Structures are given as structure tokens and as C-alpha cells.
Amino acid sequence: MTVRAITVDFWGTLLFDPPASDDRYRVRRMRDFESILAAAGVRVSAPALDRAYEASGAYLGRIWATNRDVPVDEHVRAIVGSVDRGLAARLPGDLLAALVDAYTRPILMVPPTVDDGAVNALSTLCDLGYSLAIVSNTMRTPGTMLRRVLERYSLLRYFAHSAFSDETRVRKPDPAIFLGALRALGAEPSQAIHVGDDPILDVEGARAAGMRVVQVTTIPFAGLDTHRPDAVVPSLIALADAIGRLDLDA
């Protein structure tokens, strides 16, 4: 066995909901912000919070476009700062914590769906001796909550490490996020395979890090003209076999 480590994407690979759908929690987030701020003596209208949420999205988008990321408390400060710049600079710790909780928790109320073959695939790969890590960009929901979603689906236990962009401050396709995860697993890029669905973030990103790639897609391998991976699987049910074949070919 020449492959030692396997890194796996979160969105579109293990769990399903387009990352942009994370914004569906906006109403709940801003309603809770309004209540929490009011209890602290800060009156902010719902329309003002909606505008602040939009402004924070533009701020985050500019950062994400550089393949960099910020921790979730910066999301919250960006929203509050769009309403009251002075308040954002002096947020007490308990108020910031309450706002962060309101901002991050909605995914637990309506979690994304999981690939039906995920548990079996990850269990099989661990039994075969591979070390696994999550390597994934986050949107508005941070890695702390995504781990809780993985735990809910009995998936977290299979991963020796997780690299979420809000914690690493680096986003795919920058190879640094992949290389950091491999260092944590004690593996070289030549000994690793990445599994993900996105042709740029996953395929090109992992290739730039010197890894081979299995793409999760219903497009046949022959139909992939650019950003071609080393193998394709339509779902995680077929993942262990695909990894095994690449390992033999190494």
C-alpha cells in the first residue's frame, strides 16, 4: 500500500446542500440578532440588519476571492459593524458569544443530507489502514458546527484531522490547506488522495498540492475534458474500490 492518507471534502461530497444554501438561515440569524441586541439595550430594525447581512456577504466575498478566510467572530463583527461601527469595536465577550451562537447554530436545526454510502465508505477505508482528514471550505457556518453535523451522522469518528477554512484561514484551491492536513496526518502528497466534487476547488487544488484526486460526479470520466481527476465515482458507495485501484496503480 503506497497510499497512506485520504482527504475528503465536506459540501457536495459527504453532505449535500450547495454551499450558497447556507444563506437560507439568514432570517433566523437576523431575527435572533435583533432579539439579542435588544436585550443588550441596542435597538436595531430588521431592515437594517438585512442590509448589514448583505454588506457582510460582500466583505466575506472579497476575502474568499483571495483564497483566504476569517474566523466566525469576524462575520459577526462585520454585521454589527455595518449597523454601528463603534459597537462592533467594543462588543463585550458575552454579547459576542451569544451572537456567534445565534449565527452558527441554525444548521443543527435543519441539517444537510448525507451521502447514503458515507459511513460504509469511511469505515472501510479506515479498516484498510488509511488515515482520513476533512479538507473543506466553509461559508457562513464554521467548522465547529460542521463537526457537530458530522458527529450527528456518525461520521466524525473516522477522521483523524479536520481542516476547515475558517480555522486554517486558507481556502481551497490554495494547496496550503491540503498540505497542512497532510502534515497533520504525517503523509506526503505523493502518498495521498483527495476526494471531492468541485473541478476547481478539489481537483485543481489537490493537484496543485501534488495529490491524486477522486472526483464525486455523475459525469463519466471520458466526459471530463478539463480539470480531469484520476478517477470518478458517482457516489461514495464506490469510493473504497476506486481508492483501492489507485493504490494498486501507484
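Here a biologist and a modeller talk through a predicted model, asking what stands behind each label.

Biologist: Let's start with the sheet. What makes it open, and which strands stand at the edges?

Modeller: Six strands line up as E5-E4-E1-E6-E7-E8, with parallel pairing. E5 and E8 (231-233) are the edges: each has a single partner strand, so one side of each has no neighbour in the sheet. On average, neighbouring strands are turned by 20 degrees against each other, ignoring direction.

Biologist: How do you know that E1 pairs with E4 and E6?

Modeller: Two strands pair if there are at least two bridges between them. E1 (residues 5-8) has four bridges to E4 (residues 131-136) and four to E6 (residues 192-196), so both count as pairs under the cut-off of at least two. Ile-6 stands opposite Leu-132 in E4, while Thr-7 has His-194 as its bridge partner in E6.

Biologist: And what joins E7 to E8?

Modeller: Three bridges, with E7 (residues 212-216) and E8 running parallel. Gln-215 is partnered with Val-232 there.

Biologist: Which way do the E1 residues point?

Modeller: Ala-5 and Thr-7 point one way, Ile-6 and Val-8 the other, and all are buried. That fits a general pattern: in a regular strand, side chains alternate between the two faces of the sheet.

Biologist: Which residues have the most contacts inside the largest nonpolar core?

Modeller: Ile-6, Leu-14, Val-195, Val-214 and Ile-243, in a core of 37 residues. Helix H12 (residues 239-249) gives the largest share, five residues. A second, separate core of 26 residues includes Phe-33, Val-76, Leu-99 and Tyr-103.

Biologist: What does Val-195 touch?

Modeller: Leaving out residues up to four places away in sequence, its contacts include Ile-6, Val-8, Val-214, Leu-236 and Ile-243. Asp-9 and Thr-13 are also among the residues Val-195 touches.

Biologist: Now helix H8. What puts its buried residues on the same side?

Modeller: The buried ones in H8 (residues 143-152) are Gly-143, Met-145, Leu-146, Val-149 and Leu-150. They span an arc of only 160 degrees around the axis, which is why they fall on the same side of H8. Their packing partners include helix H5 (93-104), E4 and strand E5 (161-164). H8 lies across E4 and E5, at about 135 degrees to E5. Helix H11 (residues 199-208) also packs on the sheet, touching E6 and E7, and its direction makes about 165 degrees with that of E7.

Biologist: Why is the contact between Arg-26 and Asp-50 called a salt bridge?

Modeller: The N to O distance is 3.8 Å, and the cut-off is within 4 Å, so the pair qualifies. Arg-26 is in helix H1 (residues 26-39) and Asp-50 in helix H2, 24 residues apart.

Biologist: Why is Arg-26 called buried, and Asp-50 partly exposed?

Modeller: Buried means under 20% relative accessible area, exposed over 50%, and partly exposed in between. Arg-26 has 17%, so it is buried. Asp-50 has 33%, so it is partly exposed.

Biologist: What about Asp-69 and Arg-171?

Modeller: Their side chains meet at 2.9 Å, N to O. Asp-69 sits in the loop between H2 and H3 and Arg-171 in the loop between H9 and H10, so the salt bridge ties together parts 102 residues apart in sequence. Asp-69 is buried at 6%, and Arg-171 is buried at 7%.

Biologist: How many salt bridges does the structure hold?

Modeller: Ten. Another one joins Glu-167 and Arg-147 at 2.6 Å, N to O, linking helix H9 to helix H8. Asp-9, Lys-172 and Asp-202 form one network through salt bridges that share partners.

Biologist: Last topic, the backbone. What makes Asn-67 and Arg-169 stand out?

Modeller: Most residues other than glycine have a negative phi, and most peptide bonds are trans. Asn-67 has a positive phi of about 65 degrees, and Arg-169 one of about 70 degrees. Asn-67 is in the loop between helix H2 (46-64) and helix H3 (72-83), and Arg-169 in the loop between H9 and H10.

Biologist: Which peptide bond is cis?

Modeller: The one from Lys-172 to Pro-173, with omega near 15 degrees. Pro-173 is in the loop between helix H9 (165-168) and helix H10 (175-185).

Key
Residues are numbered from 1 along each chain as its sequence is written. This is a predicted model: local features need pLDDT of at least 70, side-chain atom pairs count only at pLDDT 80 or more; totals for chains, interfaces and linings use all residues. Side-chain values use heavy atoms; hydrogens and water are left out. Buried means under 20% relative accessible area, exposed over 50%, partly exposed in between (1.4 Å probe, protein chains only). Helices (H or I, at least four residues) and strands (E, at least two) are DSSP runs, numbered from the N terminus. A nonpolar core is a set of buried Ala, Val, Leu, Ile, Met, Phe, Trp, Tyr and Cys residues joined through side-chain atoms within 4.5 Å. Contact means heavy atoms within 4.5 Å. The arc is that of the directions from the helix axis to the C-beta atoms. Axes are lines fitted to C-alpha atoms, for helices over the stretch in contact, and angles run from 0 to 180 degrees between N-to-C directions.
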